[in-house]
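Grab a coffee and work through a few short exercises on the model below. Try each task yourself before reading the solution.

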Amino acid sequence: MRLSQYPINTLKETPAEAEILSHQLMLRAGLIRRLAAGLYSWLPFGLRVLHKVEHIIREEMDRAGALELVMPVVQPAELWQESQRWREYGPELLRLKDRHERDFVLGPTHEEVITDIARRELKSYRQLPVNFYQIQTKFRDEVRPRFGVMRAREFIMKDAYSFHLDEASLGATYRVMAETYTRIFTRMGLSFRAVRADSGAIGGDVSQEFHVLAASGEDAIVFSDADDYAANLEAAATLPESAPPAAPREPLRRVSTPGARTIADVAALLGVAPTRCLKTLLVAGERDAVIALVLRGDHELNAVKAQKLPGVASPLRMASAAQVQAVSGTEPGYVGVQDLRCPVYADYAALALADFVCGANEKDLHLSGVNWGRDVPPPTAADLRKVVAGDPSPSGRGRLQLARGIEVGHIFQLGRKYSEPMNARVLDEAGRDVPLLMGCYGIGVTRVVAAAIEQNHDERGIIWPAPIAPFQVILVPLNLAKSARVREVSERLYTELLAAGIEVLCDDRDVRPGVKFADAELLGIPHRVVVAERGLEGGQLEYRQRRETTSREFPLAEALGFIRTRLQT
């Protein structure tokens with residue numbers, strides 16, 4: 001490609017709409033342009049990157065034995081009503097009517113459609129296992145689309161769905177997909193982690209996320225410093241304390257705490273550490289019940305864990321002021337663990353405390369010197385909190401560390417979540433009619449592009465990993481209009497590189513050298529070759545790798561061989 005024939009301009013200034021670095025650089029480099037909130041057009045440079053990402057995904061999915069198909073973006077409401085997600089999915093599901101007033105949705109995902117295909121096509125265990133995949137547009141009506149293509153309303157996803165007769169077969173394909181995803185992201189040149197995850201709105205019991213590591217990542221992930229354990233923050237487990245609580249040493253006392261509602265206020269007023277305080281959260285339960293959740297004062301409640309407890313309403317929400325009054329006799333801010341008229345769950349760390357401080361279930365009063373067993377009946381133990389750096393790894397080896405990540409892939413074992421309500425069944429070896437087991441495996445294709453930029457950039461622009469760069473080489477002739485020799489050499493080299501199968505972008509614009517260098521760095525193409533009159537006098541060209549800060553000269557006569565060698569490093 002010749003830049004003189006490319007009508008899309010790069011931008012010097014960062015657009016006001018861009019919130020994160022990948023969004024800024026994608027706009028400035030001319031990869032995308034905004035059409036409306038959460039809707040983006042992919043321009044030729046951006047599309048080249050997108051196609052390279054898709055190519056790697058296709059090769060590895062085909063290698064894993066998956067079969068590619070394409071399903072409609074517009075889906076009939078009847079399928080979503082069958083799966084019971086018509087009401088469950090929420091406002092992100094964009095509903096619409098056709099001219100006949102029939103209900104449809106713009107698909108945020110395709111479990112219903114693929115299950116419909118499976119129940120029509122799969123009749124016998126002999127057709128199993130099978131894994132279908134597509135690379136297709138999705139639409140989720142985000143309440144606040146942001147971060148460019150990272151959280152857009154319309155996006156491209158690779159989604160795959162496998163069908164099985166038994167758990168062993170499902171588990172085998174799940175492992176194959178985990179290995180396939182590892183190869184995909186490794187081939188893309190990304191630094192990533194596979195982490196245990198919560199399945200969320202998709203459903204299922206077993207799931208794993210793949211996160212590109214980046215300081216700007218919106219997700220917190222944790223990993224062991226001694227083995228390969230990793231999980232997202234919501235799914236990371238904590239362990240019960242190995243030692244029992246210390247023996248009581250203090251008497252139970254009621255202490256005045258006027259106006260002190262928060263742990264920080266109480267700790268400061270009484271001169272104790274937050275780690276010696278308990279906080280009691282009253283949350284809504286099923287059928288208007290109330291559930292008490294007790295944590296150590298310095299810990300945060302993990303909502304995903306909490307809403308999985310028996311009797312707790314999902315999604316998690318706090319009890320109303322009237323409910324708090326009914327079960328505790330006081331108002332929020334002074335609730336303690338004594339004499340609560342509701343079920344009580346306490347986090348492992350809270351159960352390990354002795355002589356602790358908690359609310360007295362009376363306004364402006366707290367209790368100190370409280371002990372489980374002596375003063376308060378031991379509650380039900382539970383894993384309730386978010387892990388923190390330094391916690392023991394659930395694997396039993398090492399301590400947990402925290403990092404930031406961008407989720408780019410997610411794999412699930414769905415079980416029969418869709419096959420049972422949608423009646424997707426086959427005959428097994430004994431001739432019995434049984435529901436299919438399903439797996440689901442997604443990659444956010446457009447999100448991968450943004451995540452790659454978040455992980456690979458500097459103050460001058462993008463630094464593409466070579467496998468997904470829009471071009472391999474950018475050729476930069478200087479003072480092209482004034483030097484016949486520069487024109488002749490750059491044209492010959494451009495032709496030779498193309499003939500050798502090397503993807504080259506030639507900046508043949510009649511602009512200042514500084515503009516060309518700035519755009520080359522902004523675009524992030526891995527290898528830059530400069531053709532200049534001064535270098536040609538000595539038979540030399542200039543080379544710089546995008547991650548390097550200095551240039552080197554190499555002989556013009558060896559240009560093709562030199563560049564080929566650099567492409568292999």
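**Exercise 1: the second largest pocket**

Task: Work out which residues lie nearest the centre of the second largest pocket, and what its lining is made of.

Solution: Keep in mind that this is a predicted model. Start at the middle of the pocket: of the 21 lining residues, R261, T280, G333, Y334 and V335 lie nearest the centre. Next, see which elements take part. Two or more lining residues each come from α7 (263-270), β14 (278-284) and β17 (356-359). Of the contributions, that of β14 is the largest share, at five residues. Now sort the lining by class: 14 residues are nonpolar, five are polar and two are charged. Last comes the volume, and the space in this second largest pocket is about 310 Å³.

**Exercise 2: buried or exposed?**

Task: Decide whether E111 is buried or exposed, and do likewise for K482.

Solution: Take E111 and place it on the chain; it belongs to helix α5, which covers residues 111-121. Its relative accessible area is 0%, and buried means under 20%, so E111 is buried. Then look for a partner: the side chain of E111 makes a polar contact of 3.2 Å with the side chain of R85.

Now turn to K482. You'll find K482 in the loop that runs between β26 (473-477) and α12 (484-499). The cut-off for exposed is over 50%, and K482 has 77% relative accessibility, so K482 counts as exposed.

One more step with K482: set its place in sequence beside its place in space. K482 and S395 are 87 residues apart in sequence, and their C-alpha atoms are 67 Å apart.

**Exercise 3: reading a sheet**

Task: Give the strand order of the open five-stranded sheet, then find its edge strands.

Solution: Walk across the sheet strand by strand, and the order reads β27-β26-β28-β29-β30, with mixed pairing. The edges are β27 (504-506) and β30 (552-555), each of which pairs on one side only. From one strand to the next, the twist averages 30 degrees.

Task: Which residue of β30 is the bridge partner of Q540?

Solution: Go to the pair formed by β29 (residues 540-545) and β30, which run antiparallel and share four bridges. Follow Q540 across to β30 and you land on P555, its bridge partner.

Note on methods
Residues are numbered from 1 along each chain as its sequence is written. This is a predicted model: local features need pLDDT of at least 70, side-chain atom pairs count only at pLDDT 80 or more; totals for chains, interfaces and linings use all residues. Side-chain values use heavy atoms; hydrogens and water are left out. Buried means under 20% relative accessible area, exposed over 50%, partly exposed in between (1.4 Å probe, protein chains only). On a 1 Å grid over the protein atoms alone, a cavity is a set of points where a 1.4 Å probe fits but cannot get out, and a pocket is an open set with protein on both sides within 12 Å along at least five of seven lines; lining residues have an atom within 4 Å of a point. Grid points are joined across faces, edges and corners, and a volume is the space filled by probe spheres set on the points. Ala, Val, Leu, Ile, Met, Phe, Trp, Tyr, Cys and Pro count as nonpolar, Asp, Glu, Lys and Arg as charged, and the others, Gly among them, as polar. A polar contact is a pair of N or O atoms within 3.5 Å; within protein, one must be able to donate a hydrogen and the other to accept it, and residues adjacent in sequence count only if both atoms are side-chain atoms. Two strands pair if DSSP finds at least two bridges between them. Axes are lines fitted to C-alpha atoms, for helices over the stretch in contact, and angles run from 0 to 180 degrees between N-to-C directions.
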